[in-house]
Amino acid sequence: MPAGRSLTALAVALATLLLAGCGGDAESTPPSTTVSAASSTAAARSTTSTTLSAKAELLAAYERSWDVYADALRQLDASKLATTFGGNALKAAQDEVATQKARNQPVQISVDHRPRVLRITASEGLIEDNYRNHSVVLDPSTGVPAEPDPNEMVYQRQTLKRLSGTWKVVEIIEEQRP
């Protein structure tokens, strides 16, 4: 989940992660959504499995992971990342927050999502999200963007696994496309 041009190195690192089992049948694409973290929204979504279909539950967990990620980069606090991330994805997100914290550069995540469930089982799901990234580094004293909007397309797949009853993003791979 790249946060802006200054975080391109993380995107490259994430692209090297291995994604197990990329196959599966594609399902329909839900409407586009936007995540923007001007304030904390991590607790706003519920993923109660008794009221959502399996696909809707997976997509809700995916959206929640973006909320938690956005809040972590805005607040420069990685403490809640483990609630929605695990494995390689958790390590990459924690490293990204640590890097931005060391630079004293909060990030405003703003993304126009187009997630699509490619595969889902009882314990694993694969989501493809070809999204438009508008995320920027912020000036720590004013909260004003310190760089222009990258307005770039990002092509990404994320594997989620049900760990202790909770869907968590465990692997992220970014594809390079023209």
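**Figure 1. Ser164 sits in the loop between β7 and β8.** This is a predicted model. Ser164 is not a glycine, yet its phi is positive, at about 50°. With a relative accessibility of 81%, Ser164 counts as exposed, because the cut-off for that class is over 50%. The flanking strands, β7 and β8, form a hairpin. Between them lie 2 residues, and the turn includes Ser164.

**Figure 2. Strands β7 and β8 pair in antiparallel fashion.** The two strands are joined by 9 bridges. One pairing to pick out is that of Gln158, whose bridge partner in β8 is Ile172. Strand β7 covers residues 152-163, and β8 covers residues 166-175. Of the 10 residues of β8, 8 are buried, so the rest of the structure largely encloses this strand.

**Figure 3. Gln156 is a buried residue of strand β7.** Its relative accessible area is 1%, which puts Gln156 in the buried class, because that class takes values under 20%. The side chain of Gln156 makes a polar contact with the side chain of Tyr131, at 3.4 Å. Ile127 is 29 residues away from Gln156 in sequence. In space, the C-alpha atoms of Gln156 and Ile127 are 8.3 Å apart. Ile127 also appears in the core view of Figure 7, as a member of the largest nonpolar core.

**Figure 4. Glu124 belongs to strand β5.** Strand β5 spans residues 124-133. The side chain of Glu124 meets that of Arg119 in a polar contact of 2.5 Å. A second residue to show here is Arg162. Glu124 and Arg162 are separated by 38 residues in sequence. Their C-alpha atoms are 6.2 Å apart in space.

**Figure 5. Ser135 occupies the loop between β5 and β6.** Strand β6 comprises residues 136-137. Ser135 has a relative accessible area of 0% and is buried. Two polar partners are shown for its side chain. One is the backbone nitrogen of Ser110, reached at 3.0 Å. The other is the side chain of Asn133, in a polar contact of 2.8 Å.

**Figure 6. Helix α2 runs from residue 54 to residue 75.** The helix has 22 residues. At 1.5 Å a residue, it should span 32 Å. Its end C-alpha atoms are 31 Å apart, which agrees with that expectation. The helix is mostly covered, with 16 of the 22 residues buried. Just after α2 comes Leu76, in the loop between α2 and α3. Leu76 is not a glycine, but its phi is positive, near 55°. Leu76 has a relative accessibility of 11%, so it counts as buried. The two positive-phi residues in these views thus fall in opposite classes, because Leu76 is buried and Ser164 is exposed.

**Figure 7. The largest nonpolar core contains 28 residues.** The members that touch the most others are Trp66, Tyr69, Leu81, Phe85, Ile109, Ile127 and Leu160. Helices α2 and α3 each supply at least two residues of this core, as do strands β5, β7 and β8. Helix α3 spans residues 87-102. The largest share comes from α2, with 10 residues. In soluble globular proteins, nonpolar side chains tend to be buried together.

**Figure 8. The whole chain gives the setting for the close-ups.** The protein chain has 3 helices and 8 strands. From the N terminus, the elements follow the order α-β-α-α-β-β-β-β-β-β-β. Of its 178 residues, 46% are buried. Contacts between residues at least 6 apart in sequence were also sorted by separation. Among them, 66% join residues at least 24 apart. The accessible surface comes to about 8,300 Å². Carbon and sulfur atoms hold 52% of that surface.

How values were computed. Residues numbered from 1 in each chain as written. Predicted model: local features only at pLDDT ≥ 70, side-chain atom pairs only at ≥ 80, totals over all residues. Heavy atoms only, no water. Helix = DSSP H or I, 4+ residues; strand = E, 2+ residues; numbered from the N terminus. Buried < 20%, exposed > 50% of the residue type's maximum accessible area, 1.4 Å probe, protein only. Contact = heavy atoms within 4.5 Å. Areas by Shrake-Rupley, 256 points an atom, 1.4 Å probe, with all protein chains shown as cover. Expected span 1.5 Å × (residues − 1). Core = buried A, V, L, I, M, F, W, Y, C linked by side-chain atoms within 4.5 Å. Polar contact = N/O pair within 3.5 Å; in protein donor to acceptor, adjacent residues only side chain to side chain. Pairing = 2+ DSSP bridges.
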